[in-house]
Amino acid sequence: MKSYSKIIVFFLSLWPIYLITYQIVFNQLGPEPVDRIINHFGEWTLIFIFLTLSMTPLRKITKSLEWIKFRRMLGLFAFFYASVHMLSYVGLDYRFDFEPLINDVLKKKFIFIGFSAWLLLIPLAVTSSQKMVRLLKQNWKKIHKLIYVIAIFGVLHFIWLSKTIFFKPLIFLILLIILLLFRVKITKSASKI
Ligand code: HEM
């Protein structure tokens, strides 16, 4: 059972790929297919960042260690979807012409913050293995706290690009606040021990 649950979560995590493939094959991407693909992967990146952040609160609430074994996989999926999101923007919007991309990163604050979030995900992905946990010891925890900064950047990216907070960005903002409050609560109760 132990390894089956991981396999199930792995295949469920591929849902965004099944979904977009279906929409491409059955011509359901709407009038702006490129934007649809970029937005699809952007939204799923944020969902996977939030799923990763939810594992520790779920462990506390349910008093079950089961959740923690999915955390690394979900985090790697967040990095994977962020990279597909970024590459579909660079590849489909700019045909891999990096000059306008660099201009966008420097001039548009929502691209700048999205790009920063993606850059910050790299050290987390690189140090996600068990070997790295052992090698980095206490520093590993410090590095992986970056996921909170990434979540904040991701939500800001969404709010700024939407130019309004209603409604999806607001939902993500509320979820972010709940997860951050959990983090503060967990840190406080750990410091009391
Ligand atoms: C952790 C990193 C990132 C997260 C969480 C993220 C998240 C999102 C979300 C939630 C959306 C809006 C989806 C919607 O409207 O339904 C979006 C759109 C977008 N993102 Fe990102 N993003 C990230 C990184 C990046 C990077 C690195 C770039 C480019 C360098 C980028 C460029 C864009 C663009 C251009 C759009 C708007 C597409 C359009 O409507 O035309 N994002 N992103």
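Which residues of α6 are buried? Keep that in mind while going through these views of a predicted model.

**Figure 1. The buried residues of helix α6.** They are Ile113, Gly114, Phe115, Ala117, Leu121 and Leu124. What lies over them includes α4, α5 (98–107), α8 (138–144) and α9. As for length, α6 has 18 residues, which should span 26 Å at 1.5 Å a residue, and its end C-alpha atoms are indeed 26 Å apart. When picking out residues along a helix by eye, remember that an α-helix has 3.6 residues a turn, so residues three or four places apart point the same way.

**Figure 2. The whole protein, for orientation before the other close-ups.** You're looking at ten helices and zero strands. Starting at the N terminus, the order of elements is α-α-α-α-α-α-α-α-α-α. The radius of gyration is 18 Å, close to the 16 Å that the globule rule gives for 193 residues, so the protein is as compact as a globular protein of that length. Its C-alpha atoms fill a box of roughly 55 × 40 × 35 Å along the principal axes. Buried residues account for 23% of the 193 residues. Take the contacts between residues at least 6 apart in sequence: 65% of them join residues at least 24 apart.

**Figure 3. The shell of residues around the ligand.** There are 23 residues surrounding the ligand, and the closest are Asn39, Gly42, Gly114, Ala117 and Gly154. Two or more shell residues come from each of α3 (33–62), α4 (68–94), α6 (109–126) and α9 (146–162). Helix α3 has the largest share, with eight residues. Sort the shell by residue type and you get 14 nonpolar, seven polar and two charged. Gly114 and Ala117 may look familiar, as they are also among the buried residues of α6. Likewise, Gly154 is one of the buried residues of α9.

**Figure 4. The largest nonpolar core, with 32 residues.** Inside this core, the residues with the most contacts are Phe48, Ile49, Ala78, Tyr81, Leu121, Ile150 and Ala151. Helices α3, α4, α6, α9 and α10 each supply at least two core residues. The biggest contribution is from α4, which gives eleven residues. For background, nonpolar side chains tend to be buried together in soluble globular proteins. Zoom in on Ala151 and, leaving aside neighbours within four places in sequence, you'll find it in contact with Ile49, Phe50, Leu53 and Leu176.

**Figure 5. Helix α9 and the residue just after it.** The buried residues here are Ile147, Ile150, Ala151, Phe153, Gly154, Val155, His157 and Phe158. With 17 residues, α9 reaches 24 Å from its first C-alpha to its last, close to the 24 Å expected at 1.5 Å a residue. Just past the helix, Lys163 takes a positive phi of about 65 degrees.

**Figure 6. Trp44 and its surroundings in helix α3.** Is Trp44 buried or exposed? It has 24 other C-beta atoms within 10 Å, and 20 or more make a residue buried, so Trp44 counts as buried. Not counting residues up to four places away in sequence, Trp44 touches Pro16 and Tyr81. Tyr81 also turns up among the core residues with the most contacts. For a sense of distance, the C-alpha atoms of Trp44 and Lys137 are 31 Å apart, with their positions 93 residues apart along the chain.

**Figure 7. Unusual backbone geometry in three loops.** Some background first: most residues other than glycine have a negative phi, and most peptide bonds are trans. Now for the exceptions. A cis peptide bond joins Phe166 and Phe167, with omega at about -15 degrees. Phe167 sits in the loop between α9 and α10 (168–192). Asn27, in the loop between α2 (15–25) and α3, has a positive phi near 55 degrees. Arg95 also has a positive phi, near 45 degrees, and belongs to the loop between α4 and α5. How do these last two stand for burial? Asn27 is exposed, with 8 other C-beta atoms within 10 Å. Arg95 has 8 C-beta neighbours inside 10 Å, so it counts as exposed too.

Definitions and conventions. Residues are numbered from 1 along each chain as its sequence is written. This is a predicted model: local features need pLDDT of at least 70, side-chain atom pairs count only at pLDDT 80 or more; totals for chains, interfaces and linings use all residues. A residue is near a molecule or strand if its C-beta atom, placed from the backbone, lies within 6 Å of it. Helices (H or I, at least four residues) and strands (E, at least two) are DSSP runs, numbered from the N terminus. Ala, Val, Leu, Ile, Met, Phe, Trp, Tyr, Cys and Pro count as nonpolar, Asp, Glu, Lys and Arg as charged, and the others, Gly among them, as polar. The radius of gyration is taken over C-alpha atoms; the globule rule is 2.2 Å times the number of residues to the power 0.38. A residue is buried if 20 or more other C-beta atoms lie within 10 Å of its own, exposed if 12 or fewer, and partly exposed in between; C-beta atoms are placed from the backbone. Two residues are in contact if their C-beta atoms, placed from the backbone, lie within 7 Å. The expected span of a helix is 1.5 Å times one less than its number of residues. A nonpolar core is a set of buried Ala, Val, Leu, Ile, Met, Phe, Trp, Tyr and Cys residues joined through C-beta atoms within 7 Å.
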